[in-house]
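Work through the exercises below with the model open. Each task is followed by its solution.

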Amino acid sequence: MTVDYSAGWDAVSDQFMAIRSKVGTALVLEWARDHLPRSAPILDIGCGSGVPIAQALVNDGFSVWGVDASPSMIAAYRRNLPDMAAVCEPAQNSTFFDRTFLGVMSIGLLFLLDEDDQRKLLTNVANLLEPGGRFLFSAPREACRWRDMLTDRISMSLGEEAYAAHLASMGLRLNGCRSDEGGNNYYEAVRLIEF
């Protein structure tokens with residue numbers, strides 16, 4: 001039996017790409033513009049097809065490196081952003097191109113993972129962020145569980161307090177949580193210079 005590292009997302013990739021809206025794109029662009037030099041490479045964990053967010057960042061002068069566990073999504077990413085690096089592997093086990101980044105984002109992915117994999121991914125991000133580096137990720141503010149409408153799998157948020165505590169234990173400071181035009185929550189964290 002073949003293991004589906006995408007947790008059901010490869011099977012619904014066409015449907016997901018067809019309904020993916022631009023919600024959140026403006027917030028991510030503002031975050032990048034406010035905190036990162038235009039030439040900075042940004043790691044996009046759970047990049048999907050790259051549309052619309054990575055594409056908007058590339059159009060704005062950023063370089064985006066994509067990681068996604070879905071072969072179909074990575075194939076679409078490579079078609080949409082042929083000059084950007086991309087790898088197909090589960091985020092919680094990724095080598096992240098064996099490099100560090102000044103900017104890392106994970107939009108719409110973290111809450112799809114179980115609690116252990118969420119903590120593992122957050123730890124891995126802390127280890128690959130350069131001092132002063134920025135991390136943006138999305139998840140509900142409250143601790144909760146729900147069933148994903150596309151994959152029918154359980155999604156979960158550990159909640160703002162748990163995310164803040166885990167990030168702090170890894171040398172990241174949570175700078176707050178903002179909402180996009182669709183009511184989705186985005187946490188902003190920074191890697192402390194001295195830890």
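**Exercise 1.** Find which strands α6 lies across, and its angle to β8.

*Solution.* Helix α6 lies across β5, β8 and β9. It runs at about 150° to β8. Angles run from 0 to 180 degrees between N-to-C directions, with axes fitted to C-alpha atoms, for helices over the stretch in contact. Helices (H or I, at least four residues) and strands (E, at least two) are DSSP runs numbered from the N terminus. The model is predicted: local features need pLDDT of at least 70, side-chain atom pairs pLDDT 80 or more, while totals for chains, interfaces and linings use all residues. Residues are numbered from 1 along each chain as its sequence is written, and side-chain values use heavy atoms, without hydrogens and water.

**Exercise 2.** Classify the crossing of α5 and α6.

*Solution.* Take α5 (residues 115-128) and α6 (residues 160-169). Their axes come within 10 Å and cross at roughly 40°. The two helices are therefore oblique to each other (not under 35 degrees, over 145, or 65 to 115). Next, list the contacts (heavy atoms within 4.5 Å). Gln118, Arg119, Leu122 and Thr123 in α5 meet Ala162, Tyr163, His166 and Leu167 in α6.

**Exercise 3.** Place β5 and β9 in the sheet.

*Solution.* The open sheet has seven strands, in the order β3-β2-β1-β4-β5-β9-β8, with mixed pairing. Pairing requires at least two DSSP bridges. Strands β5 (residues 129-138) and β9 (residues 185-191) are joined by five bridges in the antiparallel sense. Within this pair, Phe135 has Ala189 in β9 as its bridge partner.
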